[in-house]
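Biologist: Could you take me through the side-chain pairings and the strand arrangement here, reasoning each point through before you settle on a value or a name?

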Amino acid sequence: MEIMMTESHKYLITSNETESSGEDDRPPLMQQDSETSILPRQSRSRRRKCSVLPTVDTVIETTIKKGASNIISSKFESLDYDLMENYLTQSETWKSYNFILYKDFARWVIFFLIGVLTACIGIFIDISIEFIAVFKYSTLKRYLDNSGNTGMLVPLAVWLGFNIVPVLIGSLLVVYVEPVALGSGIPQVKCYLNGIKMPRLVRIKTLVVKTIGVITTVVGGLAGGKEGPMIHSGAIVAAGISQGKSTSFGTDFQIFKYFREDHEKRDFVSGGAAAGVAAAFGAPVGGVLFSLEEGASFWNQSLTWRIFFGTIVTTFTLNVVLSAYYGHPGELTNSGLLNFGKFYDLRYDLLEMFFYVGAGVFGGLTGALYNSLNHKLTVFRIRYMSARYVKVLEAVLVAMVSACVPIIMIYSIDDCRPLGEDPTEHAVQMYCGDGEYNTLAALWLQVPEKSVRTMLHDPKGAFGVFSLSVFVVTYFLLSVWTYGVSVSGGVFIPCLLTGAAWGRLFSLFLQSIFPEATWIDPGKYALIGAAAQLGGVVRMTISLTIILIEATGNISFGLPLMLTLITAKWIGDFFTEGLYDIHIQLSGIPLLAWDPPPLSSNITARIVKSHPVICLRPLETVGNIIDVLKATSHNGFPIVDVEPMTKHSSDGAEQSSAGSTDSHKGDTSHKRDSSHKGDASHKGDASRKDSPGRLVGLILRSQLIILIKHKIYKENQNWPDDQLSSEIFHAEYPRYPSVNDLVVSENDRSFTVKLNLFMNTSPFSVQDSTSLPRVFKLFRALGLRHVVVVNNNNHVVGMITRKDLARYRVWRHGGRMGLEELKISSTL
């Protein structure tokens, strides 16, 4: 094998013999069948050959550095979005059209429950934060008002205590109990909906830690919000309700059993994420569009209606309960956790369009700066802050700084305004005169959501230029540092607050240029700045426009918002990726883009595939199945008719040649996919020289384990063919037993299993001459986990899984773009 490297250090691999890994667990470097350049338009004269050690793993360990963004982790597996079609599903004649109608009705019931429960979680979070925050900030107000007698140290100590204690609790829960609850959870939900199995993402323990964690983050004074985590919480609720059981508590309610598969669960999780947006912003339409634009990778018309129904239920439930809680029963005045308040006059002139574009440019630049700084900080954390106690200490340090910075600003900046000109919940006099209050103290002594509303609705002159400038810089840096700390919290509110602050500052600048202009409203430009900043960071356009329109209750301002967001996205994309995409890349998650890489038609399945492939026969011995499962971590195995049989395994099981062996050393189809933990590469036996077997089907690892666990053998009379049902596989979903949990006696090893009853009789396959874009479109559009590569005789010659496709990634930077081949690591 030769590994060729361009001067830009992008890997090109050529080979006549392939050691592959598989889709969801594919090894680090992939090989090709012939000396063919993988990346287009690379001059051979510019390449230099590199010597490598005999094993692929050694190459990876010595060349891959933590924190690199050009690496895919082989630890991630794929979900089975493709529906299984086999003898059992085709023979289940008991299903009728009445069952189809009942199942469709059950979907509407589940979406209704998702909406109600997601709203209840949002209500609990909101009321908890409100109760604790009132106590915290009213106490701080008393100490700050008495600081003339006690000095600054006493209020500082109290503030530190109020910040450190909750943040410490939340960080300990995230670090030691459930690390997947870190952050907003939006990148992980996005990857799950893309078809990637994210461990522990939708478990009840994650929901509990997430709920408590986001409360402690907000009341702990960190630059984080509860809106992002609400999306993750909604996804967890949807995943749990739709299955009708709890694996964490070991309880099965014996309902919704027909939804226990990845395909159905995916659609419910899409609705849960949308319900989370609706609960956070009171934006049901925005929730649907968010799930479509930023979350779901698979969509259909009927799903749109059901998700919209769920978001409406969420908004209505939250509205009714919170309106009653805040003393306005029946008025429905609290549509979301984040209430921007109504903008009754958002008129704009044609001249202002240029200023909106300018705000979008600035938001794109600051968003790119935010992402770049956070990227470098995240890389530093990955490389040097892996110890769990260090993560907790960092969270505590951020909490301390988040207390010190405000109190230093309050003491050092004398910005006083008369009382009564704007609504101030905790007015601190400090060094101001009688009848006045410190504006910075009022801004810091409230949760960030209320600070956003303050920026949007306080009258002109509520804040000085210097005060706003210092606040923008400090809060921007705090939010950059906070995102990625081991706590639960989102980026929406910090970006909205930062943008609203510099947007209001922008209005003061315009006022100085056009002193007689009546169209300059600080609240209007604060809204534009908030949209520009958030759009520049997360690169959302359509859904964010609708969310802001619904949150402000003014549809006439849609054009300026869209213009600002598109500009911010274009400018930001010129310099960096979006924040969520950056964190996905740093995690090594094999996310598939919407479209295949351009100009890649010269790359064919012959180059992309992993091989040789471990194959099984339609009638296979238990011993051979057990040996294969223990020797590999692949999750999908082609079933072939071997022609001819050339060798028998020790227990009498025959195996196919050239693509079918007992071990997929680097399975490209098995090892690359979750199904093939190295899903297509199987290390072949040198003694097998015959042609591979003819493809007749494909069976999953989980199916094999269930068959052996229940001893569904040909010789076992307790399992006649007419009593078999696909329900036996749904009962174990989603946590299937491990092969090490199976107990197989020596006598059982000689028994046989009729795999032709359970295999997918029509697996998707492509010719080895099929181009990469064509394979990508098939794989991406159908949500596949494996694609079998065959030759002209329909003989298995390889497998293609997610990692085989995800390793070809398009990069864009500074107006340039290109195609790079990623490395695959088993240690990331």
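Biologist: Is Asp768 buried or exposed, and at what relative accessibility?

Modeller: In this predicted model, the cut-off for a buried residue is under 20% relative accessible area. Asp768 falls below that limit and therefore counts as buried, with a relative accessibility of 15%.

Biologist: Which residue does the side chain of Asp768 meet in a salt bridge, and at what N to O distance?

Modeller: The pair links distant parts of the chain, since Asp768 sits in the loop between β17 (765-767) and α26 (772-782), whereas its partner belongs to helix α22 (residues 605-608), 162 residues apart. That partner counts as partly exposed because its relative accessibility is 34%. The residue is Arg606, and the N to O distance is 3.5 Å.

Biologist: How many residues apart in sequence are the parts that Glu820 and Arg809 tie together?

Modeller: The side chains of Glu820 and Arg809 meet in a salt bridge with an N to O distance of 3.1 Å, and both residues are buried. Glu820 lies in strand β21 (residues 816-821) and Arg809 in strand β20 (residues 808-813), so the parts tied together by this pair are separated in sequence by 11 residues.

Biologist: How many salt bridges does the count come to?

Modeller: One of the pairs is Arg266 with Asp267, whose side chains meet at 3.3 Å, N to O, and both of these residues are buried. There is also a network of salt bridges that links Lys103, Asp104, Arg107, Glu264 and Arg306. By the rule applied here, the count of salt bridges comes to 26.

Biologist: Which backbone oxygen does the side chain of Arg260 reach?

Modeller: Arg260 is placed in the loop between β8 (251-252) and α9 (262-281), and it is buried, with a relative accessible area of 2%. Leaving aside residues up to four places away in sequence, Arg260 touches Gln243, Gly244, Lys245, Asp252, Gln254, Ile255, His730 and Tyr733. The backbone oxygen that its side chain reaches, at 2.8 Å, is that of Gln243.

Biologist: Which residues does Thr366 touch, not counting those up to four places away in sequence?

Modeller: Thr366 has its place in helix α12 (residues 352-384), where it is buried at a relative accessible area of 13%. Its side chain reaches the backbone oxygen of Gly363 at 3.1 Å. With residues up to four places away in sequence left out, the residues that Thr366 touches are Phe476, Trp502 and Gln533.

Biologist: Which strands stand at the edges of the open sheet β17-β18-β19?

Modeller: Three strands make up this open sheet, in the order β17-β18-β19 and with mixed pairing. Each edge strand has a single partner strand, so one side of each is left without a neighbour in the sheet; the strands in question are β17 and β19 (796-801).

Biologist: What is the bridge partner of Val766 in β18?

Modeller: Strand β17 and strand β18 (residues 786-790) run parallel and are joined by three bridges. In β18, the residue that partners Val766 is Val789.

Biologist: What angle does the direction of α26 make with that of β19?

Modeller: Helix α26 packs on the sheet and touches β17, β18 and β19. The angle between its direction and that of β19 is about 60°.

Biologist: How many disulfides does a search of the whole structure find?

Modeller: A disulfide would require a pair of cysteine sulfur atoms within 2.5 Å. Cys120 is partly exposed, with a relative accessible area of 38%, and Cys404 is partly exposed too, at 25%. The number of disulfides found in the whole structure is zero.

Key: Residues numbered from 1 in each chain as written. Predicted model: local features only at pLDDT ≥ 70, side-chain atom pairs only at ≥ 80, totals over all residues. Heavy atoms only, no water. Buried < 20%, exposed > 50% of the residue type's maximum accessible area, 1.4 Å probe, protein only. Salt bridge = Lys/Arg side-chain N within 4 Å of Asp/Glu carboxyl O. Helix = DSSP H or I, 4+ residues; strand = E, 2+ residues; numbered from the N terminus. Polar contact = N/O pair within 3.5 Å; in protein donor to acceptor, adjacent residues only side chain to side chain. Contact = heavy atoms within 4.5 Å. Pairing = 2+ DSSP bridges. Axes fitted to C-alpha atoms, helices over the stretch in contact; angles between N-to-C directions.
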